[in-house]
Amino acid sequence: MRILIADKLDESVVDDLERRGFKVETDPAASGEALVARISDFDPHVLVVRSTKVPAEAMDAGAIELIVRA
């Protein structure tokens, strides 16, 4: 399962997810159109955000099954 973290999140979270076998990428600078492009490229199953607004286009840009607001 691929997880895209699109906000700053403690590195220990990323380490824990990777230890559990998830493929994790982080891009805390992604927002708006850049976030949509990043989703298209990585095609994550899960998108994790904190304060980043997720545009409607992001929902159609990949195979996102879940958006988590951390």
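The legends below describe close-up views of a predicted model.

Residues are numbered from 1 along each chain as its sequence is written. Local features need a pLDDT of at least 70, side-chain atom pairs count only at pLDDT 80 or more, totals for chains, interfaces and linings use all residues, and side-chain values use heavy atoms, with hydrogens and water left out.

**View 1. Confidence along the chain, from strand S1 to helix H3.** The protein averages a pLDDT of 93 (the predictor's confidence in each residue, from 0 to 100). A score of at least 70 is reached by 100% of the residues. Among the elements, strand S1 (residues 2-5) has the highest mean pLDDT, 97. Helix H3 (residues 56-60) has the lowest, 87. Helices (H or I, at least four residues) and strands (E, at least two) are DSSP runs, numbered from the N terminus. Where pLDDT is low, the predicted coordinates should not be read in detail.

**View 2. A patch of negative charge on the surface.** Asp10, Glu11, Asp15 and Glu18 gather here. Patch residues have over 30% relative accessible area and no salt bridge; like charges are joined within 9 Å, and nonpolar side chains (Val, Leu, Ile, Met, Phe, Trp, Tyr) within 5 Å. Asp and Glu count as negative, Lys and Arg as positive; His and the chain ends are not counted. Each charge is placed at CG of Asp, CD of Glu, NZ of Lys or CZ of Arg. Asp15 lies in helix H1 (residues 11-19). Asp15 is partly exposed, with a relative accessible area of 31%. Buried means under 20% relative accessible area, exposed over 50%, and partly exposed in between (1.4 Å probe, protein chains only). The areas come from the Shrake-Rupley method.

**View 3. A salt bridge within helix H1: Asp16 and Arg19.** The structure holds five salt bridges (a side-chain nitrogen of Lys or Arg within 4 Å of a carboxyl oxygen of Asp or Glu). In the Asp16 to Arg19 bridge, the closest N and O atoms are 3.6 Å apart. Both residues lie in helix H1, three residues apart, about one turn of the helix. Asp16 is partly exposed at 27% relative accessible area, whereas Arg19 is exposed at 64%. A network of salt bridges links Asp16, Arg19 and Arg20.

**View 4. Arg38 and its acidic partners, Glu25 and Asp27.** Glu25 forms a salt bridge with Arg38, with 2.0 Å between the closest N and O atoms. This pair links distant parts of the chain: Glu25 in strand S2 (residues 23-26) and Arg38 in helix H2 (residues 32-42), 13 residues apart. The side chains of Asp27 and Arg38 also meet in a salt bridge, at 3.4 Å from N to O. Asp27 lies in the loop between S2 and H2 and Arg38 in helix H2, so this pair ties together parts 11 residues apart in sequence. Arg38 is buried, with a relative accessible area of 18%. Glu25 is partly exposed at 24%, and Asp27 is partly exposed at 21%.

**View 5. Ala56 and Glu57 in helix H3.** Ala56 is exposed, with a relative accessible area of 59%. Glu57 also counts as exposed, at 51% relative accessibility. From Ala56 to Ser40, the C-alpha to C-alpha distance is 13 Å, across 16 residues of sequence. The C-alpha atoms of Glu57 and Leu35 are separated by 9.5 Å, with the two residues 22 apart along the chain.

Terms used. Accessible areas come from the Shrake-Rupley method with a 1.4 Å probe; for residues, only the protein chains shown count as cover.
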